[in-house]
Amino acid sequence: MDVYFGDDSFYILKRQGGALHITLNALHSGGTAAGSEIKFILDTGAYISIISRGTALQLGYDKLPKTPTILYGFGGAITADFVRIPGLIILGKTRVDVPVAIPHDMYRVNPKTGEKKQVPDVLGLSILEYYNFYISTEKNLLYLADNPTPTFYSKELESGQVFALPNEETD
């Protein structure tokens, strides 16, 4: 299937610490206006998108209805709350009722060094599946076009869902 990516259907990605980052605007809980910018790590290997505890508190997402779950990734298991945030503004349109997980812990501790790092915000497939996308690593661009038939993500999150956070050694 051919997908046309228009001239204004892309985001410039920033490289940092071996990862690609994208900045999106998010709606505050209970509001309809654009809230704050969130700098996500772009992770096409992550099933569920992650909003860090710090970002969730700042935007009021800690007060949203939640489903407690345990997520498993390369760094082990974490407890998190599955929530549907009010919205992200993507390509000038508001994508509402966005599925994300909010980890209970604010920080992860590197078991080798003891260093504490804030859990990052991660843009994964639970959001990207709503788009046909192409990543140009040469130009650091993420091209998006609406996907009229997303099928990958279900409305419910099962406990034990797999996701990935960046490896501590490559951060």
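Tutor: In this predicted model, a residue is called buried when its relative accessible area is under 20%, exposed when that area is over 50%, and partly exposed in between.

Student: Why is Arg-53 called buried?

Tutor: Arg-53 has a relative accessibility of 15%, and because buried means under 20%, Arg-53 counts as buried.

Student: What makes the contact of Asp-81 and Arg-53 a salt bridge?

Tutor: A salt bridge needs a side-chain nitrogen of Lys or Arg within 4 Å of a carboxyl oxygen of Asp or Glu; the side chains of Asp-81 and Arg-53 meet at 3.8 Å, N to O, so the pair fits that definition. Asp-81 is in strand β6 and Arg-53 in helix α1, so their pairing ties together parts that lie 28 residues apart in sequence.

Student: Is Asp-81 itself buried or exposed, and how do you know?

Tutor: Asp-81 is buried, its relative accessible area being 8%, which is a value under the 20% cut-off.

Student: How do you know that Asp-146 and Lys-93 form a salt bridge?

Tutor: The closest N and O atoms of Asp-146 and Lys-93 are 3.6 Å apart, and because the limit is 4 Å, the pair qualifies as a salt bridge. Asp-146 belongs to strand β12 and Lys-93 to strand β7, so this pair ties together parts 53 residues apart in sequence.

Student: Why is Lys-93 called exposed, and Asp-146 partly exposed?

Tutor: Lys-93 has a relative accessible area of 54%, which is over 50% and therefore exposed, whereas the 45% of Asp-146 falls in between the two cut-offs and is therefore partly exposed. Salt bridges with shared partners join Lys-93, Arg-95 and Asp-146 into one network.

Methods:
Residues numbered from 1 in each chain as written. Predicted model: local features only at pLDDT ≥ 70, side-chain atom pairs only at ≥ 80, totals over all residues. Heavy atoms only, no water. Helix = DSSP H or I, 4+ residues; strand = E, 2+ residues; numbered from the N terminus. Buried < 20%, exposed > 50% of the residue type's maximum accessible area, 1.4 Å probe, protein only.
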